[in-house]
Every structure is written in C-alpha cells, then in structure tokens.
Amino acid sequence: LAGEIRTLPPPGFDLGNSPGGFTRERCGGATIFFSTTNGTAALVAGHAAGELLTCALANRAATAQTLRALKMPITLLCSGSEGQPSMEDVIGCGALSDAMDGEVALENDAAQIARAAWNASRDDLLATLGETYGGRNIRRNNLDADIDFCAVVDRFNVSVRVRKTGGHLVATPGDTIGLSS
C-alpha cells in the first residue's frame with residue numbers, strides 16, 4: 001500500500017508519496033495500490049476519457065511524445081489541493097504544453113496562465129515549487145527531498161497510461177506509444 005493524506009503516509013501503509021521511496025529494490029515487480037488526497041479523485045474524474053495518461057514534470061517529454069502519437073484532442077486536468085487549483089499542477093500543465101512544441105492550441109485563459117506560469121518558473125523551478133501551497137506542506141513535514149526530486153524535468157522517458165480494469169484504475173508505467181527509448 002502506498003499513498004498520502006496531506007503529504008504523510010496513512011497508518012499501516014508501506015510507502016508514502018515520496019518519490020525517492022519507490023526504488024527498484026523495494027518496488028520492482030510489485031503491484032502497488034496507491035491513493036492520494038487529490039490525485040486519486042482527479043483520475044477517477046477522468047476515467048471515462050478515451051485515453052487517460054498521468055503526467056509529472058519528471059515524465060513530461062515522454063507524455064508529450066505519447067500524446068502526439070495518439071493524435072487525439074487533449075484536455076489537461078489538474079488534481080489541485082483540497083478542491084483548489086495548485087500552482088505546481090498549473091506549472092506542470094504549462095510545461096507539458098510547452099513540450100508539445102506548439103502542437104497544442106492554448107484555447108482559453110487557463111491554458112495561457114499555465115504556459116505563463118511555466119515560463120516564469122522554469123529557470124528557478126526548485127525555488128518556485130518550494131513556495132507553492134503543496135511545497136510548503138511538504139516542507140512543513142520535513143520532506144524537502146521530495147521537492148528536489150520532483151523539480152528534475154524529464155527525469156524519466158516513460159509515459160503512464162491509466163485504464164479501468166476490473167473496477168479499478170490501473171496505471172501502467174512503460175505502456176507507451178511511439179517512444180524510442
């Protein structure tokens with residue numbers, strides 16, 4: 001079991017939400033049941049989409065490449081924090097649209113805001129992420145290494161597709177379309 005409630009692992013869970021804890025030694029070959037305060041609700045809300053991918057700064061280029069290969073209309077959904085938009089998600093949407101190399105029309109103000117937030121933060125991403133509402137919550141719980149980890153853009157060359165299987169949403173890393181490596 002893995003997940004978090006307000007950045008901390010729930011009692012009895014094996015892992016929290018800290019990305020550094022998900023090592024090959026600890027998780028390789030394992031099935032992980034994962035629940036988060038905000039991300040799980042966003043995935044459930046989007047489960048009826050023709051294709052559903054989950055993206056972070058760490059896999060933005062791979063996700064962009066998969067989206068280009070799908071040749072489908074794209075809607076970016078941010079999970080937010082406690083029912084409110086979160087700056088780290090807005091920055092992530094802007095980063096993904098930037099990685100689409102102009103192939104995404106920024107059709108509304110929210111998309112324009114996301115791109116502007118990415119452009120304003122990309123040169124000092126670590127500091128910006130640390131000052132967001134989510135970043136402050138992470139720091140309050142002494143999980144600063146999570147911010148360091150998440151601020152590395154394009155760390156992984158893998159997109160992650162989410163499918164409904166047997167009443168569950170299943171994310172499959174490496175289930176990619178059109179990736180060369």
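**Core**

I went for the largest nonpolar core first, in what is a predicted model. Twelve residues make it up: Leu 57, Val 90, Ile 91, Cys 93, Ala 95, Ala 114, Ala 117, Trp 118, Leu 125, Leu 129, Ile 147 and Ala 151. I then checked which helices feed this core, and helix 4, helix 5 (109-121) and helix 6 each supply at least two of its residues. Helix 4 gives the most, with four residues.

Next I picked one core member, Leu 125, and asked what it touches beyond its neighbours within four places in sequence. My list for Leu 125 reads Leu 57, Ile 91, Trp 118, Ala 151 and Val 153. Of these, Leu 57, Ile 91, Trp 118 and Ala 151 are also on the list for the largest core.

I also noted another core lying apart from the largest one. This other core has seven residues, including Leu 67, Leu 70, Leu 96 and Met 100.

**Helix 7**

Which residues of helix 7 (residues 133-140) are buried? I found Gly 134, Gly 135 and Asn 137. Looking down the axis of helix 7, I see these buried residues fall within an arc of 160°, so they line one face of the helix.

What covers them? I get a list that includes helix 4 (87-99), helix 6 (125-131) and helix 8 (144-150). Helix 4 and helix 6 turn up here after already appearing as suppliers of the largest core.

I looked just past the end of helix 7 too, where Asn 142 takes a positive phi of about 55°.

**Whole chain**

I stepped back and counted eight helices and five strands. Reading along the sequence, I wrote the pattern down as β-α-β-α-β-α-α-α-α-α-α-β-β.

For overall size, I have the C-alpha trace spanning about 45 × 40 × 30 Å along its principal axes. How does the radius of gyration fit a compact globule? With 181 residues, such a globule would come out near 16 Å, and the protein has 16 Å, which agrees.

I checked burial across the protein as well: buried residues make up 33% of the 181. The accessible surface comes to about 10,600 Å², and carbon and sulfur atoms account for 54% of that surface.

Last, I looked at how far along the sequence contacts reach. Taking contacts between residues at least 6 apart in sequence, I find that 54% join residues at least 24 apart.

Conventions:
Residues numbered from 1 in each chain as written. Predicted model: local features only at pLDDT ≥ 70, side-chain atom pairs only at ≥ 80, totals over all residues. Heavy atoms only, no water. Buried < 20%, exposed > 50% of the residue type's maximum accessible area, 1.4 Å probe, protein only. Arc of directions from axis to C-beta. Contact = heavy atoms within 4.5 Å. Core = buried A, V, L, I, M, F, W, Y, C linked by side-chain atoms within 4.5 Å. Rg over C-alpha atoms; globule rule 2.2 N^0.38 Å. Areas by Shrake-Rupley, 256 points an atom, 1.4 Å probe, with all protein chains shown as cover.
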